[in-house]
Amino acid sequence: MPTLRNQILRKYFKAHYPNIDSATLKCRANSRFSFMAGDMNSGPKRTYQVVVAEGRKSAMEELTATTLDPTKKNAVVMGRKTWESIPLQFRPLPARLNVVLSRSGKVGDSIEENVVICESISSALESLAQPPYSQSIEKVFVIGGGQVLREALNAPRCDAIHITEIETSIDCDTFIPSIDFSSFQPWYSSQPFVENNVRFSFATYVRVRTSTVNPHACGNGEESSSDKFEVGSFTFLPKMIFERHDEHFYFGLVQEIISSGYKKHDEPGNCTLSKFDCEMRFNLCKSFPKGVSWEGVLPEFFRLISGTTNEKLADVIDAIKNNSDDKRIILSLQNLSDLTLEFSVANGELSLHTHQPFVDMFLSVPKNIASYALLKCTIAHVCGLIPSDLNLKIGEAHVRGTHIRPLQDQIHRLPTPFPILKINPNKTNIDTYVSADYELVGYDPHS
Ligand SMILES: NC(=O)c1ccc[n+]([C@@H]2O[C@H](COP(=O)([O-])OP(=O)(O)OC[C@H]3O[C@@H](n4cnc5c(N)ncnc54)[C@H](OP(=O)(O)O)[C@@H]3O)[C@@H](O)[C@H]2O)c1
């Protein structure tokens with residue numbers, strides 16, 4: 001016979017969650033409004049994204065509280081000690097389902113609506129895959145602390161890691177494991193911010209390989225084996241993160257030219273759409289902006305190096321190494337479409353700004369992006385610097401009428417993580433590099 005207390009709790013859950021299967025509910029004796037799923041270790045489970053946020057509290061709040069569907073909420077899963085570290089007046093974290101993990105049941109009595117207690121990560125993910133949560137919860141974020149992340153960070157159900165990367169050594173008492181870079185690749189990395197003299201940036205890594213399960217086989221849990229680069233869709237990412245992929249700069253500009261470019265008639269039956277004063281920015285700290293076939297990039301890059309030899313590339317490298325306070329380290333290449341390259345060094349990082357008066361968005365720009373990026377990464381490598389911004393300024397960018405269709409096809413292709421560039425560490429003379437000195441890790445030739 002269910003006790004009166006359990007009957008009341010069941011009524012409560014039925015009222016709030018009409019679809020819930022009461023057979024899966026177990027009510028915890030010392031909690032007023034909490035429940036945990038039963039012992040379910042074989043049913044479907046949700047995947048999740050990890051958030052390790054420091055610095056701007058609002059950034060983590062924005063990420064975990066925003067949903068695409070206004071009728072849904074996200075869930076934040078945390079260890080009992082993290083829950084207790086949140087000041088009383090700020091918990092439960094608003095506008096989200098708070099899932100607190102505890103084996104001991106020490107969570108206390110003050111549990112309210114929007115808070116669920118689970119005995120394990122596995123049972124939490126299983127509960128969240130079942131009604132009512134399968135319908136009402138859009139995304140699941142695991143937010144710490146250290147103990148929970150030691151189990152969750154690199155686990156196969158972790159789709160993505162959103163992390164604040166701090167460039168200063170700070171005394172800590174809680175630690176998270178390192179990200180397994182054989183499974184995760186960068187999606188995007190922000191420009192650095194400085195607060196209280198601490199430099200930090202936000203980065204997102206996405207799972208590109210898994211050896212045990214394919215978490216996208218079915219939205220809420222069916223599993224299948226997979227051990228290859230997953231070139232599927234990364235639309236599970238929060239929209240604000242999905243749109244930060246650097247490829248959006250290129251496709252955004254193409255889209256803008258096609259939809260509102262200035263129309264010129266070059267020859268009968270053909271027209272060109274143009275836009276003046278354009279800019280694209282790529283962050284090369286973590287990944288390499290490969291928009292065309294790698295085999296196509298290398299000849300373009302070596303052509304760029306040989307084209308620059310007469311223009312004294314060695315002087316530029318010397319200035320970067322020995323005179324980097326010289327604000328203007330400029331290389332002008334009239335023989336390469338009046339290309340101007342301007343290098344600058346700050347905080348051990350090398351930035352490159354390029355300027356070209358006139359470019360073809362379909363035929364030239366993808367190759368230009370990759371070959372300038374390769375030049376910059378190589379120069380940074382020989383100078384012992386980190387490659388950071390690549391900023392392309394274009395006087396007039398144009399799309400020919402005959403290229404609109406293939407470009408539109410490309411725009412509709414969803415972005416995948418950019419690969420990581422590895423350069424032969426044993427070479428330091430730029431003139432000696434050959435194709436074999438470069439390797440692209442995580443390069444999917446079919447994407
Ligand atoms: N900077 C950040 O981004 C960030 C984020 C989160 C937390 N933090 C900090 O990290 C600290 C807390 O981290 P922590 O490592 O000490 O503790 P924690 O991971 O937050 O919580 C540990 C507790 O959670 C429960 N737990 C852990 N793994 C579980 C599992 N697999 N299944 C069921 N229950 C599980 C256990 O509770 P029981 O003992 O009740 O069984 C365990 O004692 C706090 O100081 C917090 O402020 C920082």
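**Notes on the predicted model: ligand shell, cores and loops**

1. Let me start with the ligand. Strand E4 (73-79), helix H3 (80-85) and helix H6 (146-152) each supply at least two residues of the shell around it. The shell counts 25 residues, and those that come nearest are Gly79, Thr82, Gly144, Gly145 and Gly146. By class, the shell divides into 11 polar residues, seven nonpolar and seven charged. Please keep in mind that this is a predicted model.

2. Two of those nearest residues, Gly144 and Gly145, deserve another look for their backbone. The peptide bond from glycine 144 to glycine 145 is cis, with omega near 0 degrees. Glycine 145 sits in the loop between strand E7 (137-142) and H6. H6 is one of the elements that supply at least two residues of the ligand shell, so you may want this stretch on screen when you view the ligand.

3. A second cis peptide bond is worth marking. The bond from arginine 91 to proline 92 is cis, again with omega near 0 degrees. Proline 92 belongs to the loop between H3 and strand E5 (96-101). H3, on one side of that loop, is another contributor to the shell around the ligand.

4. How confident is the predictor? The mean pLDDT of the chain is 82, and 80% of its residues reach 70 or more. Among the elements, E7 has the highest mean pLDDT, 98, while strand E1 (residues 25-27) has the lowest, 29. Over residues 1-40 the pLDDT stays under 50, and the model has 56 contacts beyond four places in sequence for them. Residues 212-227 also have a pLDDT below 50, with 25 contacts in the model beyond near neighbours in sequence.

5. Now for the chain as a whole. The chain has 12 helices and 19 strands. Of its 447 residues, 34% count as buried. Among contacts between residues at least 6 apart in sequence, 67% join residues at least 24 apart.

6. The largest nonpolar core has 49 residues, and Val77, Val99 and Ala152 have the most contacts inside it. What does valine 77 touch, not counting residues up to four places away in sequence? The list for valine 77 is Tyr48, Val99, Leu101, Ala124, Val140, Phe141, Val142 and Ile143. Apart from this core lies another, of 42 residues, among them Ala319, Ile329, Cys383 and Ile394.

7. Helix H4 (residues 121-128) is mostly covered, with six of its eight residues buried. The buried residues of H4 are Ile121, Ala124, Leu125, Glu126, Ser127 and Leu128. Ala124 also appears among the residues that valine 77 touches.

8. Helix H10 (residues 313-322) makes a nice case of a helix with two sides. Its buried residues are Leu313, Ala319 and Ile320. Seen down the axis of H10, these buried residues fall within an arc of 120 degrees, so they line one face of the helix. The face turned away from that buried side carries the exposed residues Asp315 and Asn322. As general background, an α-helix has 3.6 residues a turn, so residues three or four places apart point the same way. Ala319 of H10 is also listed in the core of 42 residues.

9. Two asparagines have a backbone angle to note. Asparagine 197 has a phi near 65 degrees, a positive value in a residue other than glycine. Asparagine 197 lies in the loop between strand E10 (193-195) and strand E11 (198-207). Is asparagine 197 buried or exposed? Asparagine 197 counts as exposed because it has 6 C-beta neighbours inside 10 Å, and the cut-off for exposed is 12 or fewer.

10. Asparagine 347 also has a positive phi, of about 55 degrees, although it is not a glycine. Asparagine 347 lies in the loop between strand E15 (339-346) and strand E16 (349-360). With 11 C-beta neighbours inside 10 Å, asparagine 347 counts as exposed.

11. Glycine 348 is placed in that loop between E15 and E16 as well. Glycine 348 has 13 C-beta neighbours inside 10 Å and therefore counts as partly exposed. Not counting residues up to four places away in sequence, glycine 348 touches Leu385 and Ile386. Glycine 348 and serine 388 are 40 residues apart in sequence, and their C-alpha atoms are 9.6 Å apart in space.

Definitions and conventions:
Residues are numbered from 1 along each chain as its sequence is written. This is a predicted model: local features need pLDDT of at least 70, side-chain atom pairs count only at pLDDT 80 or more; totals for chains, interfaces and linings use all residues. A residue is near a molecule or strand if its C-beta atom, placed from the backbone, lies within 6 Å of it. Helices (H or I, at least four residues) and strands (E, at least two) are DSSP runs, numbered from the N terminus. Ala, Val, Leu, Ile, Met, Phe, Trp, Tyr, Cys and Pro count as nonpolar, Asp, Glu, Lys and Arg as charged, and the others, Gly among them, as polar. A residue is buried if 20 or more other C-beta atoms lie within 10 Å of its own, exposed if 12 or fewer, and partly exposed in between; C-beta atoms are placed from the backbone. pLDDT is the predictor's confidence in each residue, from 0 to 100. Two residues are in contact if their C-beta atoms, placed from the backbone, lie within 7 Å. The arc is that of the directions from the helix axis to the C-beta atoms. A nonpolar core is a set of buried Ala, Val, Leu, Ile, Met, Phe, Trp, Tyr and Cys residues joined through C-beta atoms within 7 Å.
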